[in-house]
Every structure is written in structure tokens, then in C-alpha cells.
Amino acid sequence: MKNININFGCKIALCSLFFALCYGATDAATTCSRANLTRCLDSVCAIGLSSNPSARCQYCGTSAAGAAPKNVMKSVSAGASAKYNISDKDLKKAPTDPGQRYAWATTQCIKKVAGCTADDVTDTYDSLIEQSCRAAGVSTQLTKTLETVAKTKSKTACQSEITNCVIADKNCMADFRNCAENSDFDKFFAACGVENAGCDEHIASIRADLIAERDNAIKNAESILNQIVASYQSAREKKISSIKSGCSDNSARDKCVATVCANNMTNGCGVGYESEKSMSIQLCKFYEIACATID
């Protein structure tokens, strides 16, 4: 869930985990229909897709793709399955910020399509958003790259970022099964090096370390896999802890309210405009609902 006000990678990952905790256990025995899930998400994120191939990126990807058309509150055409569409009435409650809109769409659609979880949303829809962003001529990592292009990061930071990129499922995979050949490894490593700016002076060393790790992984696949599982578990526990912290002091909801006030309210919810503040709180209500389900 691979924001998204350009924090597409981290924001959507966080939101996906957040709502997976809330709804992931629902309809566990029901198989998720990803076709119906896509129809539901499209009713929020793909408005006017036939004439605007950048729609998914603009509505639920990144603000760098440009403003979405003014008919943002209108649903997709009647030709789609109304059963799984988010209604025009409910769409009026959807945030206009791309990252928040994607998170909102996730909560709505995993409730509407039986058996689906936030992980299904990530697996089904992230790639469609990325394709749409390519159509828009932007990258969902654009802001991250622009922010770090002039900075040289430590080897530890670079090693972590590039390693996570290299072992992603779409690249070498955790056990390096897709990179047994040097040519395949070099292809993915080069792409990850470009994606993580500020690491030029560490590239050669990191490549040597990863080559050694790959060779060891191929020889000791089971042992390495256990280590990776533990690493993912630790990262997940840290994310869960962060989510609980955001719920305990309402900081997650308050951040949402502040963003809606700043971006969507004419008077910024200033003094004397309590109605704007109240409306912003209602738009961010899904944070309170989600937090209420977390132990």
C-alpha cells in the first residue's frame, strides 16, 4: 500500500500496514477478488482514465503529476460495476491530497470487497499507480531524489537503502534468486544506485558487499532466508510501534487535520472558522476509527 504526496513509498507502506491491522482479519476465509478490488479503487483513483492516462497518478499517486481535473468528486462512468464503486456521495468525503486519498480509498474498498486486505491493495494497485505516473512523465520517487541529490549520505544509510532496493521482490528478491547471473545483478544494482542519490562514493564498496552476500545466499539459502524473515519482522514491529504512538497521542489524526486545513480550506481553519476545522476533523475521522481497533 509500494505515500502519495510523493512519499508514495513510505506513506503508502505505512498506511497499508495501518489499515491491514484494522481490517486484515476480516473475511479471512473469503478469497479476495482483485478484479473487483481494482474496480473499487478505480472509482476513487481513476476518474476520467479513458481520456487521462495520468489519472491514477494524479488522484492517488503524487502531486508532482499535476492537479487532477476539476470533476474530482464525480465517480467513474456508469459502465463500470456500480456494486463495487464508491458512490458520488461518499467521494465528496475523499481527501484531495493524493497520499491521503489512496489511504482513504484503501479503507473504503477493503470493507466493500469481501476478503481483501491492505496487502491486496498494495499488490494489486501500486503497480497501476506507478504505470500512471510514468505516463505523467514523473516518478513517485521524484521528491525523495530532489531532496537528497546534493547530499552525500553515510555508508550505513546507503547500504541499508540500496540493499532494501536490491532485494525487493521486483528486483533480485530476498534470496537473490533473480540475480544468480552477474548481468542480472548489475542491472538491478545500477537502477537502485540511481534511485538512492548521495551514495556515489560508497557504491563500489556496497556492490562488493552485496556480491559477497549474494554468493553466500545462494550457498546457504535457508540460513539467509531465516535472517531476512527476522529482519522483516523487526521492521514490522517498529512500524506497528510507530503507528500505536501516532494513535496514543492523536498525532496521526492531527497531522491529517492540519494538512486538510492547509490544502483544502479557504481560510486554513483559522480563528473564527470553526466550521472548517470541524469539516477537516470529519475528513480525517478514519484515523480515529482505525486507531480504535488497535490494542
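In which loop is the place of Asn-52? Select that residue in this predicted model, and you will find Asn-52 in the loop between helix H2 (34–45) and helix H3 (55–60).

**The whole chain**

Before going further into that loop, colour the protein chain by secondary structure: it has 14 helices and 0 strands, so that, read from the N terminus on, its elements run α-α-α-α-α-α-α-α-α-α-α-α-α-α. If you then colour by accessibility, 43% of the 295 residues of the protein chain count as buried.

**Asn-52 and its surroundings**

Return to Asn-52, which has a relative accessibility of 15% and therefore counts as buried, the cut-off being under 20%. Display the residues around it, leaving aside those up to four places away in sequence, and Asn-52 is seen to touch Gln-58 and Pro-69. With side chains shown, the contact to Gln-58 can be followed in detail, since the side chains of Asn-52 and Gln-58 make a polar contact at 2.8 Å. Next, add Ala-136 to the selection and draw a distance between the C-alpha atoms: Asn-52 and Ala-136 are 84 residues apart in sequence, and their C-alpha atoms lie 9.3 Å apart in space.

**Helices H12 and H13**

Now move along the chain and select helix H12 (residues 251–264) together with helix H13 (residues 274–283), which pack at an angle of about 130° with their axes 9 Å apart. The two helices are therefore oblique to each other, and their crossing is right-handed. To see what lies between them, show Val-257, Val-260 and Cys-261 in H12, which meet Lys-277, Ser-280, Ile-281 and Leu-283 in H13. Coloured by residue class, the contact of H12 with H13 divides into 5 nonpolar residues, 1 polar and 1 charged.

**Helices H13 and H14**

Keep H13 on display and add helix H14 (residues 285–292), where the packing angle is about 45° and the axes are 4 Å apart. That angle makes H13 oblique to H14. On the H13 side, the contact is made by Ile-281, Gln-282 and Leu-283, and on the H14 side by Lys-285, Phe-286 and Glu-288. These residues of the contact of H13 with H14 divide into 3 nonpolar, 1 polar and 2 charged.

As a last selection, pick Ile-281 and Leu-283 of H13, both of which are listed in the contact with H12 and also in the contact with H14.

Key: Residues are numbered from 1 along each chain as its sequence is written. This is a predicted model: local features need pLDDT of at least 70, side-chain atom pairs count only at pLDDT 80 or more; totals for chains, interfaces and linings use all residues. Side-chain values use heavy atoms; hydrogens and water are left out. Axes are lines fitted to C-alpha atoms, for helices over the stretch in contact, and angles run from 0 to 180 degrees between N-to-C directions. Angles under 35 degrees count as roughly parallel, over 145 as roughly antiparallel, 65 to 115 as roughly perpendicular and the rest as oblique. A crossing is left-handed if the near helix is turned anticlockwise from the far one by less than a right angle, and right-handed if clockwise. Contact means heavy atoms within 4.5 Å. Ala, Val, Leu, Ile, Met, Phe, Trp, Tyr, Cys and Pro count as nonpolar, Asp, Glu, Lys and Arg as charged, and the others, Gly among them, as polar. Buried means under 20% relative accessible area, exposed over 50%, partly exposed in between (1.4 Å probe, protein chains only). A polar contact is a pair of N or O atoms within 3.5 Å; within protein, one must be able to donate a hydrogen and the other to accept it, and residues adjacent in sequence count only if both atoms are side-chain atoms.
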